[in-house]
Amino acid sequence: MRWAVVDGWTITRRDLIHWARQPVQVVVGLLFPIMVVLMFGYLFGGGMSVPGGGNYREFLMPGMFAMTVLFGIEGTYTAIATDVSRGVTDRFRSMPMAGSAVVVGRSTADMLNAVLGLVVMVACGLLVGWRWHGTVGAALAGFGLLLLLRFALLWLGIYLGLLLRNPEAVVAMQILVWPVLFLSNALVSPETMPGWLGMVAEGNPLSATVSATRELFGNPGWEGDSWLRQHALAMALGWPVLLIGIFLPLSVRRYRRLDR
C-alpha cells in the first residue's frame with residue numbers, strides 16, 4: 001500500500017509538471033468557462049426567466065459549476081489516450097511500480113485540476129453577483145457533490161481513453177458533451193421544454209447534481225413535481241456512485257489487458 005501511494009503520487013507529479021510546462025493550455029481551459037458565464041449571464045440572461053422569480057445569474061452559476069466538472073472529461077480522455085498511443089503506458093507497466101499507479105495518479109491530478117477550476121468559477125460567480133444563501137456546511141456539501149460527479153466522470157474518461165487509444169477522437173467527445181450540457185437544467189428549466197424532452201433532461205445525471213447544488217446553495221431553481229425533482233439530492237449521490245461502480249472496474253480491467 002505504501003509503494004502504491006508513493007508511485008501514484010509520482011504519476012500525479014508528472015501530470016502536474018506537464019501542466020506547469022504548458023501554462024497556455026491550462027489558462028485557456030480555465031478562461032473558457034468564464035467566457036460562457038459572461039455570455040449566458042449578460043448576453044442571453046436578459047431573455048431568460050427564472051422559475052418562481054429570482055436572479056438568473058444565481059440560477060445559472062450552479063449549472064456553470066457542473067459544466068466545468070463535465071468538460072473535464074475531455075482532458076482526462078486526451079491524457080490517457082495520448083500516453084497509450086505513444087507507448088508511455090506500456091513503459092510504465094514494464095517498470096517495478098504499483099500496477100494501480102498510472103490510473104490512480106491520473107485521477108488524483110484530475111481531481112486537483114477540478115478543484116482549481118471550481119475555485120476560479122466561484123471567484124467568477126462572486127464577481128457577477130452569485131452568492132450562496134445557506135450555511136457554510138451546506139455550501140461545502142454542494143461543492144462535494146460537484147467533485148463527486150467529477151470523480152465519476154473521470155473514470156468514464158479513463159475507460160474511454162484506454163479503450164479507444166486515439167487522442168484525435170477527443171473532437172467527437174467535445175461534440176458529445178455539449179448535448180449533455182444543453183439537455184439538462186443547467187441553463188434553463190425543463191418545464192420550458194417539450195414534455196418528452198423535459199423528461200430526458202430531468203433524468204440527466206448533470207441535472208440531478210445541478211438541482212441538488214441549487215438547493216444547498218439556496219439559489220433559485222425550478223419547482224417540479226416529478227419523483228426525480230423531489231429526490232434530487234438522492235439522485236445526485238446515486239448517479240455518480242453508479243457510474244463509479246461501472247467504469248472504475250472496467251478501467252482497471254482494461255488497463256490490465258492493454259498488452260493482450
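**Exercise 1. Check the length of helix α3 in this predicted model. What span should its 30 residues have, and how far apart are its end C-alpha atoms?**

Solution.
- Step 1: Helix α3 covers residues 56-85, which gives 30 residues.
- Step 2: Use 1.5 Å a residue, multiplied by one less than the number of residues. The expected span is 44 Å.
- Step 3: Compare with the model. The end C-alpha atoms of α3 are 44 Å apart, which agrees with the expected span.

**Exercise 2. Describe the surroundings of α3. How many of its residues are buried, and which residue just after α3 takes a positive phi?**

Solution.
- Step 1: Buried means under 20% relative accessible area. In α3, 25 of the 30 residues are buried. The helix is mostly covered.
- Step 2: Move just past the end of α3. Glycine 87 has a positive phi there, at about 85°.

**Exercise 3. Work out the overall build of the protein chain. How many helices and strands does the chain have, and how does its radius of gyration compare with the globule rule?**

Solution.
- Step 1: Count the elements. The chain has 11 helices and zero strands.
- Step 2: Take the radius of gyration, 19 Å. For 260 residues the globule rule gives 18 Å. The two values are close, so the chain is as compact as a globular protein of that length.
- Step 3: Look at the box along the principal axes. The C-alpha atoms fill roughly 60 × 35 × 35 Å.
- Step 4: Turn to contacts between residues at least 6 apart in sequence. Of these, 83% join residues at least 24 apart.

**Exercise 4. Describe the surface and the charges. What share of the exposed area do carbon and sulfur atoms supply, and how far apart are the mean positions of the charges?**

Solution.
- Step 1: Begin with burial. Of the 260 residues, 47% count as buried.
- Step 2: The chain exposes about 12,800 Å². Carbon and sulfur atoms supply 68% of that area.
- Step 3: The chain has 19 positive and 14 negative charges. Their mean positions lie 11 Å apart.

**Exercise 5. Classify two residues. Is threonine 209 buried or exposed? Is aspartate 7 buried or exposed?**

Solution.
- Step 1: Locate threonine 209. It lies in helix α9, residues 205-217.
- Step 2: Its relative accessible area is 0%, so threonine 209 is buried.
- Step 3: Set aside neighbours within four places in sequence. Threonine 209 is then in contact with Leu145, Leu146, Leu149 and Ala236.
- Step 4: Locate aspartate 7. It is in helix α1, residues 2-21.
- Step 5: Its relative accessible area is 13%, so aspartate 7 is buried.
- Step 6: Set aside neighbours within four places again. Aspartate 7 is in contact with Met97, Ala98 and Ala101.

Definitions and conventions:
Residues numbered from 1 in each chain as written. Predicted model: local features only at pLDDT ≥ 70, side-chain atom pairs only at ≥ 80, totals over all residues. Heavy atoms only, no water. Helix = DSSP H or I, 4+ residues; strand = E, 2+ residues; numbered from the N terminus. Buried < 20%, exposed > 50% of the residue type's maximum accessible area, 1.4 Å probe, protein only. Rg over C-alpha atoms; globule rule 2.2 N^0.38 Å. Contact = heavy atoms within 4.5 Å. Areas by Shrake-Rupley, 256 points an atom, 1.4 Å probe, with all protein chains shown as cover. Lys, Arg positive; Asp, Glu negative; His and termini not counted. Charge placed at Lys NZ, Arg CZ, Asp CG, Glu CD.
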